[in-house]
Amino acid sequence: MKQSNLFTKTRKEAPSDEIAKNAQLLIRGGFIHKEMAGVYSYLPLGLRTLTKIENIIREEMDAIGGQEIRMATLHPSEKWKQTGGWDAVDVLFKLQSRTEKEYALGQSEEEIVTPIAQEYANSYKDLPVAIYQIGQKYRDELRAKSGIMRGREFGMKDMYSFHESQEDFERFYAVTKEAYLRVFKRTGLDAKVTEAAGGSFSEKISYEFMVLTDAGEDDIVYCPFCTHCANTEIAKAEAGGSCPKCGKGTLAKARAAEVGNVFDLGVKYPKAFNFTYKDKEGKEQTPIVGCYGIGTTRLMGTIVEVFSDEKGMVWPESVAPFNVHLVSLLGAEGGNVKVEADKLYETLTKKGVEVLYDDRDVRPGEKFADSDLIGIPTRVVVSEKTLAQGKLEVKSRKTGTVSMLSEAELLNQLSIVR
RNA sequence: CGGGGUAUGGUGUAACGGUAGCAUACUUGCUUUGGGAGCAAGCAGUCCCAGUUCAAAUCUGGGUACCCCGACCA
């Protein structure tokens, strides 16, 4: 993509109504646009990044047998009344049509997915099944905050699994936890599996996936020596004590952002919808349900919080909006810088490298500042200087390392990191 | 929802109750070109509704929006 065609532009200053680093940088870079408190639109750069995150999740969910669907977000009130959620879920957005019919906006999809699964899972032969979607969620938060970390409309991947037995559920629960850890690792984050309360809809322990950052809103205690980690909302989780798992470490307290969670929902929703299947003996049985969420937009905000510096964002390769930021320094004479940069843009693009090509006729300082702000992993400069050397200047946004490479060496390096 | 704060061109900010100024962005022209360039000209603003006053960005009341702390957080 040529930057001269990109309809967004960067800003030197963040709007005064954003304190959160993620929102400041994403707005300055032209990734997102604020509509109101807790509601943001995603612009080309932001959408590319969000889509990369979604695709990583999609790959991992598909790999463990998840089947993607797209559920409605406008829900009939009847289903929410059937489960009791209409009155019990305080964050549920409720709306009324002009004929006074009531609807809910999806804040989670058990009410929708359970009847869908019910329609097709009639026999034990149809189980287990895992269904997921990636889409918008709506929650009537009393207070939206922290940029895209807690919004009233946000992106989420939610998966629901239906099982014959508690044992089979436990098996898939463990499989999903591993898949989640792979998702977060691929986005560059170190997420801790954290014991937490089940919330208002499950009395059992749930597991949250926590990334250490002061921008989070959860307090956790964790063992520095092993994987033990618990949300402080759980009574037994106290800092300073010795680790109950390995015994070696002293539990440390930290601030963290919850980027994912998994719940054991038991039989609550099948019961509410009278969802049964026939077992081998032809007897009616109620399936066990699990649900698994990843906040896609919160994950994106967390990545910005964790990977950024005073100059801007520093995207991990896997989620960066582009692989390469090609910057041409046209200079006074111009020479054949433009011709050579155009050629390199075409070459890289044809090789499948995603390139943002800053072909604008602006001064070098502005291009460099924009490049640092946008945070694409690899910056490639073409200028009269580099042409004179017959090489390209390649700089890592993350390490700041600058090297002079030939086109072949650049392509080789890109194929390795990608 | 309780508490606190803020509201001025697109963005960031000044202005004792007395001419709304600066920067940036944008438009035009010329110069400039390896870390957010210079000169000149131009476009563009006091959140809304009342009130006080000769006079309101400024004071008062109400509303709205946004931010922060807390509570809440399927």
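Q: Leaving aside neighbours within four places in sequence, with which residues is K367 of chain A in contact?
A: This is a predicted model, in which local features need pLDDT of at least 70 and side-chain atom pairs count only at pLDDT 80 or more, while totals for chains, interfaces and linings use all residues. Residues are numbered from 1 along each chain as its sequence is written, and chains are lettered from A and ligands numbered from 1 in the order in which they are written. Two residues are in contact if their C-beta atoms, placed from the backbone, lie within 7 Å. Once neighbours within four places in sequence are set aside, the contacts of K367 are V327, D358 and V362.

Q: Is K367 buried or exposed?
A: A residue is buried if 20 or more other C-beta atoms, placed from the backbone, lie within 10 Å of its own, exposed if 12 or fewer, and partly exposed in between. K367 has its place in helix α10 (residues 364-374). Because K367 has 21 C-beta neighbours inside 10 Å, this residue counts as buried.

Q: What distance separates the C-alpha atoms of K367 and V327?
A: V327 is one of the contacts of K367. Along the chain the two residues are 40 residues apart, and their C-alpha atoms are separated by 7.1 Å.

Q: Which residues of α9 are buried?
A: Helices (H or I, at least four residues) and strands (E, at least two) are DSSP runs, numbered from the N terminus. Helix α9 covers residues 337-350, and E346 and K350 are exposed on the other side of this helix. The buried residues of α9 are V337, A341, L344, Y345 and L348.

Q: Within what arc do the buried residues of α9 fall?
A: The arc is that of the directions from the helix axis to the C-beta atoms. The buried residues line one face of α9, because seen down the axis they fall within an arc of 105°.

Q: Which elements are included in what covers the buried residues of α9?
A: One residue of this surrounding can be followed individually: L326 is in contact with A341, L344 and Y345, among others. The cover of the buried residues of α9 includes β19 (324-328), β20 (355-358), β21 (378-382), α11 (384-389) and α12 (407-417).

Q: Which residues touch the most other members of the largest nonpolar core?
A: A nonpolar core is a set of buried Ala, Val, Leu, Ile, Met, Phe, Trp, Tyr and Cys residues joined through C-beta atoms within 7 Å. The largest such core has 97 residues, and those touching the most other members are V324, L326, V355 and V380.

Q: Where does this core lie with respect to domain 1 and domain 2?
A: Domain bounds come from an automatic or database domain assignment. The domains of chain A are domain 1 (21-309) and domain 2 (322-417), and their centres, taken over C-alpha atoms, are separated by 39 Å. Both domains give residues to the core, so it lies between domain 1 and domain 2.

Q: Which residues of α6 are exposed on the other side from the buried ones?
A: The buried residues of α6 are F169, F172, T176, A179, Y180, V183 and F184. Their arc around the axis is only 135°, which puts them on the same side of α6. The exposed residues on the other side are E167, A174 and E178.

Q: Which residue with a positive phi follows α6?
A: Helix α6 covers residues 166-186. A positive phi, near 95°, comes after α6 at G188.

Technical notes. Expected span 1.5 Å × (residues − 1).
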